[in-house]
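This report describes how two helices pack against each other and then turns to a pocket.

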Amino acid sequence: MKAIPYILIAVRFILAPVILFLSCFYGEKSRFLILALMYFGLLTDIFDGIIARKVGVSSEKLRRLDSQTDLIFWLSLGFAAYFLNPDLIKNEWKGILLIFVMEALCYITSWLKFGKETCTHAFLSKMWGLSLLIAFTYLIGFQQAGWAFYLSIVLGFISHIDVIMIVLLLTKWQYDVPSSYHAWKIRKGKNRKKTIFFN
């Protein structure tokens, strides 16, 4: 049982190149298969954390591995969306660039301060993940951007601001910090309460 969370993370990691392969070599024919893999990947993301806590293996190592695998998984979907809808993605390049810049700022801020990448698993980041799920469903499955895409850009910007604030407020690196408010409480020396979301 203790190996299951690692297996689920490994499965999600393997899904990334599979998604890229399908989008590159099978194009239009692979749209709904890619969507199915995306939703399956989300389930592995949900259950790896739940099972890890149940069997007592939710550690820094696991959470950092989970975070980096999430990044690779969602990047693969982003590239798949581009391969399948290049013109649509090019038309929305400003919003996409904003998210890439904000993601880079999160990593740079955390590395400069703590020498480690971010691993907050914050509440707003999880909301952004759900908005990405909807946005990619529209982009990959139905070749549309619309409200789902713009919602994901707005939530992405806000959630990255929250992560940067968490990093700046913390006096030492920590994982699983739900929000900048919780980081402020930790900074003030108040008891940290673990908050369980999707993983």
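## Packing of H6 and H7

In this predicted model, H6 and H7 run roughly antiparallel to each other, a term for angles over 145 degrees, because their axes meet at an angle of about 155° and lie 8 Å apart. Axes are lines fitted to C-alpha atoms over the stretch in contact, with angles from 0 to 180 degrees between N-to-C directions; helices are DSSP runs (H or I, at least four residues), numbered from the N terminus. The crossing of H6 past H7 is left-handed, the near helix being turned anticlockwise from the far one by less than a right angle.

Contact (heavy atoms within 4.5 Å) involves residues including Trp128, Leu132 and Tyr138 of H6, and Trp147, Phe149 and His160 of H7. By class, this contact has 15 nonpolar, six polar and one charged residues, with Asp, Glu, Lys and Arg counted as charged and Gly among the polar.

## The largest pocket

The largest pocket, an open set of 1 Å grid points where a 1.4 Å probe fits, with protein on both sides within 12 Å along at least five of seven lines, has a volume of about 1,200 Å³. Its lining (residues with an atom within 4 Å of a point) comprises 44 residues, with Leu71, Trp74, Glu103, Trp128 and Leu132 nearest the centre.

Helix H3 gives the largest share of this lining, ten residues, and the lining divides into 27 nonpolar, twelve polar and five charged residues.

## Basis of the values

Residues are numbered from 1 along each chain as its sequence is written, and side-chain values use heavy atoms, without hydrogens and water. Local features need pLDDT of at least 70 and side-chain atom pairs pLDDT 80 or more, whereas totals for chains, interfaces and linings use all residues.

Notes. Points joined across faces, edges and corners; volume = space filled by probe spheres on them. Helix = DSSP H or I, 4+ residues; strand = E, 2+ residues; numbered from the N terminus. Parallel < 35°, antiparallel > 145°, perpendicular 65-115°, else oblique.
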